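Please open the structure in a viewer and keep the sequence panel visible beside it. The tour below proceeds by selections, each followed by a description of what is found there.

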Amino acid sequence: MNLTAECWAKSNTATWNHFGFLVQKQDAFIIHPRQGLKTINFYIYTSNGTASTNFTPDASFDLTKWHHYAGTYDGNTGQINFYIDGVLVDQSVLVGGGSIIVNNNPLYMGVDPCCPGRFFNGQIDEVKLWNTTLTEAQIRDRMCRKITSADPLYANLAAYYNFDESTGS
């Protein structure tokens, strides 16, 4: 199984705060900021083990500004890539690849479901999950626009949360 998980996010503080994940399907994948740091990880959980990327931007990187985060996984090759603002910043390989663990766990955004009170202190927007491994060019092309049924990859869009509603229940 292949995957691309992406979102826009900005922190309310200069380093990542609390333990809230940006996007997580428990025991499948996590885009995971590290508390008190600027480091961010992308974890993949597969039938063949767990692997991750680990990226710390330089001091000039401002977490309080909107940034686009995307992680990709190719189950055939085991290639894991992590992108910030459409640019590849880290990569890893899970030797032997493997299918992402399929489960009935819910999708979480901005919260660590393990413990009460672990919330992301910031904003999250445009969460997209794809059942394909997008290339750097495909991520860059789609990160700043709404996805519609006219998109050539629309059939691969597994979930799309654009948070365009100003009110709701």
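Which residues lie nearest the centre of the largest pocket? In this predicted model, select Met1, Leu3, Lys25, Phe29 and Leu129: of the 15 residues that line the largest pocket, these lie nearest its centre.

**First stop: the pocket**

Keep those residues displayed and consider the space they surround. The largest pocket has a volume of about 260 Å³. Next, colour the lining by residue class: 12 of the lining residues are nonpolar, two are polar and one is charged. Then select residues 122-130, which form β10, and residues 157-161, which form β11. Each of these two strands contributes at least two residues to the lining of the largest pocket.

**Second stop: the open sheet**

Switch to a ribbon display and select β5, β4, β3, β2 and β9. These five strands form an open sheet in the order β5-β4-β3-β2-β9, with antiparallel pairing. The edges are taken by β5 (49-55) and β9 (107-109); each has a single partner strand, so one side of each is left without a neighbour in the sheet. On average, neighbouring strands of this sheet are turned by 20° against each other, direction ignored.

In general, the strands of a sheet pair through backbone hydrogen bonds, either parallel or antiparallel. To examine one such pairing here, select residues 23-25, which are strand β2, together with β9: the two pair in the antiparallel sense over three bridges. Within this pair, select Gln24 and look across to β9, where its bridge partner is Tyr108.

**Third stop: a loop residue**

Select Asn156, which is found in the loop between α1 (136-142) and β11. Is Asn156 buried, partly exposed or exposed? Asn156 is partly exposed, as its relative accessible area is 24%. Now add Asn104 to the selection and draw a distance between the two C-alpha atoms: Asn156 and Asn104 are 20 Å apart in space and 52 residues apart in sequence.

**Last stop: the whole protein**

Clear the selection and display the entire chain. The protein contains one helix and 11 strands, which follow the pattern β-β-β-β-β-β-β-β-β-β-α-β along the sequence. Its radius of gyration is 15 Å, close to the 15 Å that the globule rule gives for 169 residues, so the protein is as compact as a globular protein of that length. Along the principal axes, the C-alpha atoms fill a box of roughly 40 × 35 × 35 Å. Finally, colour the chain by accessibility: buried residues account for 44% of the 169 residues.

Terms used: Residues numbered from 1 in each chain as written. Predicted model: local features only at pLDDT ≥ 70, side-chain atom pairs only at ≥ 80, totals over all residues. Heavy atoms only, no water. 1 Å grid on protein atoms, 1.4 Å probe; cavity = no way out; pocket = protein on both sides within 12 Å on 5 of 7 lines; lining within 4 Å. Points joined across faces, edges and corners; volume = space filled by probe spheres on them. Helix = DSSP H or I, 4+ residues; strand = E, 2+ residues; numbered from the N terminus. Nonpolar A, V, L, I, M, F, W, Y, C, P; charged D, E, K, R; others polar. Pairing = 2+ DSSP bridges. Axes fitted to C-alpha atoms, helices over the stretch in contact; angles between N-to-C directions. Rg over C-alpha atoms; globule rule 2.2 N^0.38 Å. Buried < 20%, exposed > 50% of the residue type's maximum accessible area, 1.4 Å probe, protein only.
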